[in-house]
Amino acid sequence: MTFDAVLLIILIVAGVCFFRKFSSSVYFIASLDIFFRILTFVRDHIGVKEITEFIRTYFPESIPSVIYRYTDGILSTILMWIYVALFAVFLFYTVRILWKKR
């Protein structure tokens, strides 16, 4: 296992253990994936070799990229469905907050 998988596992476990409520854990996982995707965008468009290599070395592109890199077959399918379900819950929570503010 490389550094990106270890980092992701530690962050997710710490986030789930740290936050008591399920909604907080969902927000944490979604925020973590969005952060990784922002870093990937910066890596691809910054043009500074040192920053690009640092981000490429120490951060995964996204949570699905880590899932597909280290699993295959039925396990990756199950993990991706869990990932999609978490993002569906994240969307539900976000829309509910926006609806209440209206």
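Reader: Let's start with one residue: does D33 count as buried or exposed?

Author: This is a predicted model, so what follows describes computed values. A residue is called buried when its relative accessible area is under 20%. D33 counts as buried because its relative accessibility is 1%. You will find D33 in helix α2, which covers residues 22–45.

Reader: Thanks! Which residues does D33 touch, leaving out those up to four places away in sequence?

Author: Look for S62, I63, P64, Y83 and F87 around D33.

Reader: And which residue forms a salt bridge with D33?

Author: That partner is R37, and the closest N and O atoms of the pair are 2.9 Å apart. D33 and R37 are four residues apart in helix α2, so about one helical turn separates them. The two ends sit in different classes of accessibility: D33 is buried at 1%, whereas R37 counts as partly exposed at 42%.

Reader: How many salt bridges are there by this rule?

Author: The count comes to four. Try following the network that links R43, D44 and E61. R43 meets D44 at 3.1 Å, N to O, and R43 also meets E61 at 3.4 Å. E61 lies in the loop between α3 (49–58) and α4, while R43 is in helix α2, so this pair ties together parts that are 18 residues apart in sequence.

Reader: Which of these count as buried, and which as partly exposed?

Author: R43 counts as buried, at 8% relative accessibility. D44 is partly exposed at 47%, and E61 is partly exposed at 39%.

Reader: Now the nonpolar side chains. What should I expect of them in general?

Author: In soluble globular proteins, nonpolar side chains tend to be buried together. Here, the largest nonpolar core has 14 residues, and L8, V26 and I63 have the most contacts inside it. The elements giving two or more residues to this core are α2, α4 (63–70) and α5 (74–101). To explore around V26, find L86, V89, F90 and Y93, which V26 touches.

Reader: Which residues form a nonpolar patch on the surface?

Author: I74, L75, I78, L79 and I82 do, with about 460 Å² of accessible area together. Take I78 as an example: I78 is found in helix α5, and I78 counts as partly exposed because its relative accessibility is 45%.

Reader: So where should I look again to review?

Author: Go back to D33, buried at 1%, and the polar contact of 2.9 Å that joins its side chain to that of R37. Then compare the core residues L8, V26 and I63 with the surface patch that includes I78.

Key
Residues numbered from 1 in each chain as written. Predicted model: local features only at pLDDT ≥ 70, side-chain atom pairs only at ≥ 80, totals over all residues. Heavy atoms only, no water. Buried < 20%, exposed > 50% of the residue type's maximum accessible area, 1.4 Å probe, protein only. Polar contact = N/O pair within 3.5 Å; in protein donor to acceptor, adjacent residues only side chain to side chain. Contact = heavy atoms within 4.5 Å. Core = buried A, V, L, I, M, F, W, Y, C linked by side-chain atoms within 4.5 Å. Patch = residues over 30% accessible without salt bridge, like charges linked within 9 Å, V, L, I, M, F, W, Y side chains within 5 Å. Areas by Shrake-Rupley, 256 points an atom, 1.4 Å probe, with all protein chains shown as cover. Salt bridge = Lys/Arg side-chain N within 4 Å of Asp/Glu carboxyl O.
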